[in-house]
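Me: Could you walk me through this structure, please? I am new to this, so plain sentences would help.

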Amino acid sequence: MDLPQLNNVALQFKRNVADANNMIQHWKACDSAFFKHLSDRVNLEDYAEKIQLFAQRVEAWHESTLVGFLAFYANNVTDGVGYITSISVVPEFGGKRIGHQLFDLCYRELTEKSFKVIQLHVADTNAQAIGFYKRIGFVATEQVDGFYKMEMKIN
Ligand SMILES: CC(C)(COP(=O)(O)OP(=O)(O)OC[C@H]1O[C@@H](n2cnc3c(N)ncnc32)[C@H](O)[C@@H]1OP(=O)(O)O)[C@@H](O)C(=O)NCCC(=O)NCCS
């Protein structure tokens, strides 16, 4: 895939290359609040395995380091509902629009597959991620047990 230069940092965007160790190392390198939240909720080894088996992955690599990662499910073809299960960018690379580019690749793929909507859940305390999703065009549709459910229609 393309090699955008972000402040002279060469990135490679790849699909479904990261293994479970790459994912776990990446999540651990992401900000501590997010990582604590994630590792409180799920066993990271099990989660990485589930993602490898069932999710599509879009990855931003800097050399041999996974600096950005988005995993989404495109399995509910009947209802046309895609679901983003995970998105993260390591702090040193934050704010460089890597998150936007990962999302664009996910959106493009779901559009090509004729999906109608993308959903996700985000902790209602995660102001940064909520801000990011709103900028992209997601709206919150419900708030349950400390999480917003957000969704975005695909045109
Ligand atoms: C959310 C995350 C993936 C964004 O990645 P990123 O590469 O830094 O994002 P980008 O540079 O593409 O875009 C940042 C956007 O978020 C917005 N944003 C960032 N911090 C924000 C904040 N505190 N409040 C509101 N908006 C914020 C900015 O306005 C910016 O949008 P703009 O460029 O259109 O103005 C990244 O911050 C991250 O990994 N966070 C920790 C993991 C996490 O919480 N993941 C979500 C779990 S559901």
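Reply: Here is a short walk through the chain, its ligand shell and a few single residues. This is a predicted model, in which local features need pLDDT of at least 70 and side-chain atom pairs count only at pLDDT 80 or more, while totals for chains, interfaces and linings use all residues. Residues are numbered from 1 along each chain as its sequence is written.

Me: How many helices and strands are there in the protein chain?

Reply: The protein chain has five helices and nine strands, where helices (H or I, at least four residues) and strands (E, at least two) are DSSP runs numbered from the N terminus. Read from the N terminus on, the order of elements is β-β-β-α-α-α-β-β-β-α-β-α-β-β.

Me: And what does the C-alpha trace span along its principal axes?

Reply: The C-alpha trace of the protein chain spans about 40 × 35 × 30 Å along those axes. With 155 residues, a compact globule would have a radius of gyration near 15 Å, and the protein chain agrees with this because its own value is 15 Å; the radius is taken over C-alpha atoms, and the globule rule is 2.2 Å times the number of residues to the power 0.38.

Me: Switching to the ligand, which residues come nearest?

Reply: There are 21 residues around the ligand, and Gly99, His100, Ala129, Gly131 and Phe132 come nearest; a residue counts as near a molecule if its C-beta atom, placed from the backbone, lies within 6 Å of it.

Me: Which element gives the largest share of that shell?

Reply: That is α5, with six residues, while β6 (81-89), α4 (98-112) and α5 (127-136) each supply at least two.

Me: OK, new topic: where is Asn16 found, and is it buried or exposed?

Reply: Asn16 is found in the loop between β3 (12-15) and α1, and Asn16 is exposed because 12 other C-beta atoms lie within 10 Å. A residue is buried if 20 or more other C-beta atoms, placed from the backbone, lie within 10 Å of its own, exposed if 12 or fewer, and partly exposed in between. Phi of Asn16 is near 55°, a positive value in a residue other than glycine. Most residues other than glycine have a negative phi.

Me: What about phi of Asp145?

Reply: Phi of Asp145 is near 50°, which is also a positive value in a residue other than glycine. Asp145 is found in the loop between β8 (139-144) and β9 (147-153), and Asp145 counts as exposed because it has 6 C-beta neighbours inside 10 Å.
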